[in-house]
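Student: I have a two-chain model open on my screen and would like to understand the words people use for it. Could we go through them together?

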Amino acid sequence: MGMIELAVAKALASSAVFLFVTVLMMASAKRISACIILFGAQSAVMAAQVLAIAYARHSIEAYAVATLVIAVKVVAIPFALFRIVKELKAPQDVTASTTATQSVFIMAGLILLSFFAVAPYAKTLRVDEDMLAAAIALLLTGAFLMVSRKKALMQVIGLLVLENGIFLAALTTTFGMPLVIEIGIFFDLLMGVFLMGLFVFRIRDTFDHLDVSKLRRLRG
Amino acid sequence: MSLLVLLLIPSLGAMLVLGCKQPRHATRAALLIGALEVTAIVHAVWRIRSAGILQTGRYLRADGLTAFFLINIGFIFGLVLVYSVGYLHHIPAGRFSSPRWFYSLFFLFLFTMIAVYLSANLGMLWICVEATTLASALLVGFYNTEGAVEAGWKYLIVCTVGIAFALFGTIALYLAAVKSGVSPQSALDWDALMTAAPTFGPVRDLVKLSFVFVAVGYGTKIGFVPMHSWLPDAHAEAPSPVSALLSAVLLNCAMYALLRFDAITSRAIGSGFSHTLLLIFGGLSVTVAALLMIVQKDLKRLLAYSSIEHMGIVAIGVGLGGTLGLFAALLHAFNHSVAKTLMFFVAGDVRESFGTLRMKGIHGMARSLPWTSASLVLGSLAIVGMPPFGLFISEFMILTTAFNSSRYGIAILVLVSLSVVFGALLHHFQHMLGGKPGNAPTKLKLLPSEFAVMGICSVFLIVFGMRIPGVFANLVQRALAVLQ
């Protein structure tokens, strides 16, 4: 392994720490806009990781993926979410069903759990344990945000975090999927956020609130 | 070239229909585009019959399995389009809810589903399955009522999360292929994966992990219990033609994706693991759906649970495996799609006539709406698996497979569930059909187009109950050859 590769590997491993920080901060965030900024920051960290890989492996494809991450996840989606928040003119708190302290503890537990979960795989696959754990932690965090936050927009953010986790898992284990597939996934993601935004407005217009835990007319 | 046409017609058609400001023009354009697309599908299937495999570029590919499902989607789609023409005239105008928006989204939905069938690459396949959710979410929320918006939101969120799991599973399989020496560029291609699958032995844990995630992910879209929560809501709140498409085509589309993964997994690590998982999901779906059908109050929710039950039976057929099991599963998927289309047409007619779908509020239908009632009786006899209808044959074959392979537990589970379903439907429908007409229906006669499509469905079900035409059996056999 050359010096550059080694340096990149070290940098990647330590950058996992930033991802854990964003996850923990999301757990304690009280406002939707804070969560959007954190999602942007999280995506920026991942973009930097893709760039590092692109540099080390001299891969044009990876540069293209990095550009996509920056364009879609760091700029377009947070921007679109901010616009939705502004247009909605609704209260901005996340209305969690757990307190901030509880959320942070649950999140820490999830991080610990993901380290245990990946330990056997990391050895056999010879990939970095911290990064793989970060990927699983993002996945779990996304799921946790979706079930514990009541606002419709927070479910969208939870889904995006979950998707970030899957992206990171692909990145650490296989250095990403073929470019065409990545582009397709990004396109789906963008369309998905667009549609969910549309539905958020519809929910507000038909129900006069955005609390999805109160949507329970359909049962059984 | 030929495969690209299948995708171009609906995508360009969607834009064209959107440009028609007059509802009358939009309807005509939709019918024309629909006829073109069905012709193109038949032509493509004909060419697959002679050529075996069609490939266009790197990412579009069609084989025997594709041909089988293409015929399915072409047939059902044609019927639903003709039915929609009569159904659509009463839709309240609003944003995204005029006929042109309906047809446009309809073609977009069709485009994504055909793209699923034509994907040569499992990554592409995932992208297209996710696109089907996005394309149909607006159709589910089409009426813009409280229920429709809630159902649309739930559908969008639950299916997107479910499908995200399938992406994780796809990545795990990709990783397994790359670790086994397949070049990263082609490690998601179906051909390359099927060729390399026998060498996946050293990474069998990864293959197992992949299949679990894929089964949960695409299983969400198929409506396996316990990931089915979106399905009854979406089916009940969507306009009836859309419910028919969701139940008859979309569920099969997701099942198709799972079948591809099942074939690769079976070839890589033996069929034991994946088939056991399918049997568990199938058994759970059949039992839970049958029990929930007893307590339903809304006709379309009842039909939705019946779809879950039937997809469970298909999964059991695949899980039992062997040529007969798979043959029966594919046949059942097709028969179910025709029967359920008929039932949703009936439901649409009931809604139009009585203005409600609550089964308690409807009495004396047999007298006031004789033809609709006849279709209802025929359709429900078909979906409970009575002879002489197509579903009897396929269910009988699945039960035979179960007994032959000494899986008595599964066989008894299916038999008991089928009896429960029979009882539930009898209980619900005798109230609706019999008795004195309470609330007078507002619409007494079927439109000729509605009459025609219901007739075609009924004739199909009876013919397939008598004997399976040779051409069709051949089509299924070619589909099986791809999977084994």
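Tutor: Gladly! The model is a predicted one. Let us start where the chains meet: the contact takes 28 residues from chain A and 32 residues from chain B.

Student: What makes a pair of residues count as part of that contact?

Tutor: Their C-beta atoms, placed from the backbone, must lie within 7 Å. On the side of chain A that touches chain B, α6 (152-174) and α7 (179-207) of chain A each supply at least two residues. The largest share, 13 residues, comes from α7(A).

Student: How do the residues of the side of chain A that touches chain B divide by class?

Tutor: That side has 17 nonpolar, 7 polar and 4 charged residues.

Student: Now chain A by itself. What is its secondary structure?

Tutor: Chain A has 7 helices and 0 strands, and the pattern along the sequence reads α-α-α-α-α-α-α.

Student: How do you know that the radius of gyration of chain A agrees with a compact globule?

Tutor: Set the value against the rule. For 220 residues, a compact globule would come near 17 Å, and chain A has 18 Å, so the two agree. The C-alpha trace of chain A spans about 60 × 35 × 35 Å along its principal axes. Of the 220 residues in chain A, 45% are buried.

Student: Let me try a single residue. Why is A54(A) called buried?

Tutor: The cut-off is 20 or more other C-beta atoms within 10 Å. A54(A) has 21 C-beta neighbours inside 10 Å, so A54(A) counts as buried. This residue belongs to helix α2 (residues 32-57) of chain A. Leaving out residues up to four places away in sequence, A54(A) touches S59(A), A62(A), Y63(A) and A66(A).

Student: And chain B: what is its secondary structure, and what share of its residues is buried?

Tutor: Chain B comes to 19 helices and 2 strands, and buried residues make up 62% of its 484 residues.

Student: Why is the radius of gyration of chain B said to agree with the globule rule?

Tutor: With 484 residues, a compact globule would have a value near 23 Å; chain B has 21 Å, which agrees. The C-alpha trace of chain B spans about 70 × 55 × 45 Å along its principal axes.

Student: Which domains is chain B divided into?

Tutor: The division is into domain 1 (1-116), domain 2 (121-270) and domain 3 (286-484). For domain 1 and domain 2 of chain B, the C-alpha centres lie 21 Å apart, and 22 residues of domain 1 are in contact with 25 residues of domain 2. On the domain 1 side of this contact, α3(B) gives the largest share, 9 residues. By class, that side has 16 nonpolar, 5 polar and 1 charged residues.

Student: What makes R61(B) a buried residue?

Tutor: The same test applies: 20 or more neighbours are needed. R61(B) has 21 C-beta neighbours inside 10 Å, so R61(B) is buried. R61(B) sits in strand β2 (residues 60-62) of chain B. Not counting residues up to four places away in sequence, R61(B) touches I53(B), Q55(B), L118(B), A120(B) and W190(B).

Student: Why is helix α5 of chain B described as largely enclosed?

Tutor: Because 19 of the 19 residues of α5(B) are buried, the helix is largely enclosed by the rest of the structure. This helix covers residues 122-140, and its end C-alpha atoms are 27 Å apart, in agreement with the expected 27 Å.

Student: Let us finish with helix α18 of chain B. How do you know that its length fits a helix of 19 residues?

Tutor: At 1.5 Å a residue, the 19 residues (448-466) of α18(B) should span 27 Å, and the end C-alpha atoms are 27 Å apart, which agrees. The buried residues of α18(B) are E450(B), V453(B), M454(B), C457(B), F460(B), L461(B), F464(B) and G465(B).

Student: Why are the buried residues said to lie on the same side of α18(B)?

Tutor: They cover an arc of only 130° around the axis, which puts them on the same side of α18(B). On the other side, P448(B), V459(B) and M466(B) are exposed. Covering the buried residues are elements of chain B including α3 (64-87), α13 (322-354), α15 (370-383) and α16 (390-404).

Conventions: Residues are numbered from 1 along each chain as its sequence is written. Chains are lettered from A and ligands numbered from 1 in the order in which they are written. This is a predicted model: local features need pLDDT of at least 70, side-chain atom pairs count only at pLDDT 80 or more; totals for chains, interfaces and linings use all residues. Helices (H or I, at least four residues) and strands (E, at least two) are DSSP runs, numbered from the N terminus. The expected span of a helix is 1.5 Å times one less than its number of residues. A residue is buried if 20 or more other C-beta atoms lie within 10 Å of its own, exposed if 12 or fewer, and partly exposed in between; C-beta atoms are placed from the backbone. The arc is that of the directions from the helix axis to the C-beta atoms. Two residues are in contact if their C-beta atoms, placed from the backbone, lie within 7 Å. The radius of gyration is taken over C-alpha atoms; the globule rule is 2.2 Å times the number of residues to the power 0.38. Domain bounds come from an automatic or database domain assignment. Ala, Val, Leu, Ile, Met, Phe, Trp, Tyr, Cys and Pro count as nonpolar, Asp, Glu, Lys and Arg as charged, and the others, Gly among them, as polar.
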